[in-house]
Each structure stands twice: as C-alpha cells, then as structure tokens.
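Please consider the following structure with attention to how its strands pair and how its interior is assembled.

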Amino acid sequence: MIVIPGIMGSELVDTESGRMLWGLSDLQWYVSAWTSGASLAMLQLSADERMGRYGRIRATRLIRFPAFVPVLSGLMPYRSLIKGLHAVVWHRDAVAEFAYDWRLPVAHNAARLTEFAMRHLDAWQAHPAYVAGRADLSGPDSDPFPRLVLVAHSMGGLLAWLACQDTDLTRRVRTTVTLGTPFFGAPKAVLLFGAGGGVPLPRHRARQLMLTLPGVYDLLPAYRCVTDGSSARRLDISDISSLGGDSELAAESLALSEARPLLPPAGHVQVVGAHQPTVQAVTIKNGAVTAHQFTYRPDQGGVTRVDTGGDSTVPRESAQLPPGPAIPLAQSHGAVAATAEAVLVTQDALLDRRTGPWLGAGEIGLDAPDIVRAGRTFWFGVTGVRLPTDVRCTVVDLGTGLRVDTPAARWRDGAVVAEGTPLPPGLYQIRVDGGGASPVTQMLLSADLPDDAYGGADRPNGTR
C-alpha cells in the first residue's frame with residue numbers, strides 16, 4: 001500500500017541546510033508566517049525551479065502535525081489512516097508513505113510516484129513477510145507478483161490518476177482509494193488568486209505565495225464555473241491574468257486538465273465530502289473574484305442553478321470521477337482522511353469488503369471562518385440539523401489538544417449559529433458532533449490583525 005497525501009501534506013526541508021520549511025510542530029509558526037510572511041519566501045518557486053531544475057527543496061515524510069493555509073483552510077495529519085492500514089497488512093513495511101513537493105507540477109510528482117511505486121513493489125516482493133505469506137497462499141491461480149493499493153487524499157488522487165495511465169504500473173495496481181480528490185478542480189483555488197487588497201492580511205500572504213506555485217494552478221477548475229449570473233463558461237487564461245496570476249503557469253495547467261484521461265484509476269473507490277457549504281462557481285470582474293455556492297446543470301430549457309455542496313473546498317461533483325459510484329461523507333476537506341470512516345473504507349478496500357452506510361446524523365455542515373481576530377468573538381453556522389440541540393459544538397486548541405470552548409448552537413435569523421469566545425493567537429479546530437458519524441471539523445487561525453488588514457471574516461456566510 002502507498003499513502004499519497006494532499007497539497008500541504010508533506011514536510012518540506014531546505015536541501016542544503018536541512019531546515020524545515022513546512023510541517024513544523026510549533027503551530028504558532030503558522031500565525032507568524034501568515035501575518036509577517038517572513039517564513040514563506042523560501043517556499044516560493046525560484047527561477048531555477050521555474051526552468052524545471054528541482055532539488056532546492058525536498059519532501060521528507062508526511063506531515064505529523066496540523067498544517068494551515070488561508071482560504072484552503074487546514075489539513076490534519078495522516079496518523080490515524082496509517083495506523084489503520086498497519087492493522088490489516090501482513091507487515092508494517094507493506095505500507096509506504098509517498099512524500100512529495102506539493103509546490104511542483106502534478107505531472108512531475110505523478111512521474112515520481114510511478115517510480116516510487118515500482119521500487120516499493122520490488123522491495124515488498126523480496127520482504128520476508130511477503131515471501132512467507134505467499135508460501136501459505138500458493139496455488140495454481142495465485143498471482144506471482146504483489147499488487148498495489150493506492151490510498152490518496154486531495155491532490156494525491158490526481159497523482160494516482162495520472163500514474164495509473166502508465167501501463168506497467170496499472171497492471172500492478174489492484175485498488176485506488178481517493179479521498180476528496182478534485183478531479184475537475186476547485187473554484188476555491190481561484191479565490192487564492194483573488195485574495196488581494198481588502199481581505200485579511202493572512203490571505204494576502206497566501207496569494208503572494210500561491211501565485212508562484214504550479215501545483216496550485218493544477219487545482220484550477222476544469223468545468224464551467226465562471227458565471228455572469230445566468231450561465232457559465234470555463235475558466236481561461238485571461239481570467240487568471242486579470243487576477244494577477246502567471247499566464248504561463250495557467251496555460252500549462254489548463255492544458256493538463258484538457259489532456260487528462262476520463263478513465264478512472266485501477267479499481268477505483270472514491271469518498272467525496274458532502275453537505276458542507278462549498279464554493280462551486282465564481283464571478284470574475286475588474287480583477288476581483290466573487291464566490292458562489294451553486295453550480296449549473298443542463299435541463300430542457302437551458303441550465304438550472306443547483307447547490308450540490310462538497311467538502312468546503314472541493315465541490316461534490318468535482319470529487320466524483322465517472323462512471324463509478326462514490327461514498328459520501330459529511331466532512332471538511334482537510335479532515336476527510338483523518339476520520340474513522342476513511343480508515344474503514346481503506347481497510348475494506350484492502351480486504352475486499354463492502355463499506356456499509358454511515359450511522360447517525362450524516363448531513364451536518366459547518367460554515368466557519370478560516371481566520372478570526374485574536375481577542376474577538378466570532379460566529380459560525382451549522383447546517384443540516386432540525387434543532388440547535390441536535391448538535392454539540394466544541395473548539396479545540398490544536399497546539400495543546402485541549403478543549404477551550406463549548407459554544408451553544410442557537411437560532412439566529414432563521415439559521416443555526418454559534419458564537420465562539422475570544423481566542424488567543426494560535427491554530428484551532430471547530431468540531432460539530434451530531435452523535436453519529438465522525439464530528440464535522442474545520443480549522444481556523446486566530447491572529448492579531450489590525451482593522452485595516454481585516455475583511456470581516458469572523459462571521460460565516462449568511463450571518464453578516
């Protein structure tokens with residue numbers, strides 16, 4: 001098995017000095033980085049890297065601690081997923097982690113994944129645990145070669161998809177599990193480019209970094225998502241240029257999306273995030289982006305607006321690759337791979353079992369800010385519940401793991417909302433528990449922000 005993380009999911013270090021640049025254990029680093037920007041300069045693509053000369057930064061392993069990027073929100077580590085896989089394989093060495101430099105193009109990292117996968121297969125075939133296990137299962141119909149199960153989250157699923165186009169590798173892959181993969185992109189990536197003036201300072205810092213990264217351009221939506229209010233068209237290079245983006249990187253990314261095969265990866269099992277308020281379309285005008293929580297579907301009279309939801313980052317329909325079915329899970333993008341449900345799906349895929357329906361409340365949505373001002377109260381919304389008493393809300397300090405608040409949900413202007421108490425600077429997680437499936441969670445950054453560097457991000461959509 002190979003676990004392939006999503007964007008932000010690998011630790012990055014400076015090759016020359018060995019200094020860690022991403023994935024630090026000190027979560028206060030994110031507060032400093034996204035407000036000052038001083039620690040982010042090394043992550044920007046250099047001139048040599050733009051020419052394809054990589055190696056200045058290397059990926060070491062999957063993140064062991066939460067990570068955070070404004071707009072894209074946070075990413076939880078993969079410890080639970082890997083522990084769950086270790087529990088069902090012959091030997092821990094059967095499970096490999098593919099760390100990669102997520103700043104770089106998806107195509108480059110997919111080629112590296114192909115090479116890594118073949119090496120892992122060769123090493124496992126010679127492993128004493130595999131040799132002993134095959135001896136117990138020998139027979140005329142047994143496969144003489146080990147086969148892979150790929151488990152991929154977010155951008156990692158794009159790597160797996162492209163890698164599985166390699167004929168030699170495809171023959172050696174039995175199952176591919178994708179968790180919240182943006183097969184057709186995510187309009188939220190466009191918001192990164194539009195996070196300029198008039199928004200909280202951390203989002204402006206994120207824009208400065210993300211505008212330089214090919215991996216982020218590879219997340220741009222490939223479906224009709226640019227709307228004028230009555231219809232929709234595909235994103236084009238001029239749209240990205242109008243937002244200050246790199247037209248060359250945009251052209252390369254859009255060309256890749258046009259060339260992507262429609263065939264799913266081998267043995268595809270897909271989990272899609274559902275029921276979360278999710279950006280599905282955008283309006284681009286005068287260098288600014290407006291987000292919309294709806295998309296368009298064709299009907300007899302033209303097109304109809306629909307809200308299909310998603311995982312708060314990837315629209316549900318973008319995360320589902322035809323023609324196979326998908327397993328929906330009410331969860332946010334950065335937390336999908338850390339849930340008990342994701343562990344169960346991957347274990348069942350390995351053991352050829354069918355995953356049953358989730359129990360309990362399964363339609364809860366969390367509409368929360370990604371950035372709040374330290375020392376100020378903030379609001380978040382809860383959707384998919386009949387009564388405020390149907391859910392329990394908590395706020396956890398991710399640095400200490402301690403619960404710091406239990407805000408009570410209540411009605412306000414026809415919606416279920418909760419008011420969080422003021423938080424010191426740091427990285428936190430909101431959890432909403434409906435008593436059934438895993439709590440729906442979302443990360444937020446609390447930072448000292450002056451009024452002129454703030455855009456009203458302490459209230460969810462619909463409660464401003």
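**Strand pairing and nonpolar cores**

Ala281 has His292 in β14 as its bridge partner. The model under discussion is predicted, and this pair belongs to a set of five bridges that join β13 (residues 281–285) to β14 (residues 288–292) in the antiparallel sense. Two residues lie between β13 and β14, which together form a hairpin. In the turn, Asn286 adopts a positive phi of about 55 degrees.

A further example of antiparallel pairing is an open sheet of three strands, ordered β3-β2-β4. The edge positions are taken by β3 (20–22) and β4 (57–62); each has a single partner strand, so one side of each lacks a neighbour in the sheet. On average, and with direction ignored, neighbouring strands of this sheet are turned by 40 degrees against each other. Two bridges connect β2 (residues 10–14) with β3 in the antiparallel sense, and Leu12 has Trp22 of β3 as its bridge partner.

Trp22 also leads into the interior. It is among the residues with the most contacts inside the largest nonpolar core, which has 112 residues; Ile2, Ile4, Tyr30, Trp34, Leu179 and Phe193 are listed with it. Helix α6 (residues 155–163) supplies the largest share of this core, namely seven residues. In soluble globular proteins, nonpolar side chains tend to be buried together.

Leu179 illustrates how distant parts of the sequence meet: leaving aside residues up to four places away, Leu179 touches Leu81, Val151, Ala152, His153, Ser154, Val271, Val336, Ala337 and Ala342. A second core, separate from the largest, has 21 residues, including Ile364, Leu366, Phe378 and Val391.

Terms used: Residues are numbered from 1 along each chain as its sequence is written. This is a predicted model: local features need pLDDT of at least 70, side-chain atom pairs count only at pLDDT 80 or more; totals for chains, interfaces and linings use all residues. Side-chain values use heavy atoms; hydrogens and water are left out. Two strands pair if DSSP finds at least two bridges between them. Helices (H or I, at least four residues) and strands (E, at least two) are DSSP runs, numbered from the N terminus. Axes are lines fitted to C-alpha atoms, for helices over the stretch in contact, and angles run from 0 to 180 degrees between N-to-C directions. A nonpolar core is a set of buried Ala, Val, Leu, Ile, Met, Phe, Trp, Tyr and Cys residues joined through side-chain atoms within 4.5 Å. Buried means under 20% relative accessible area, exposed over 50%, partly exposed in between (1.4 Å probe, protein chains only). Contact means heavy atoms within 4.5 Å.
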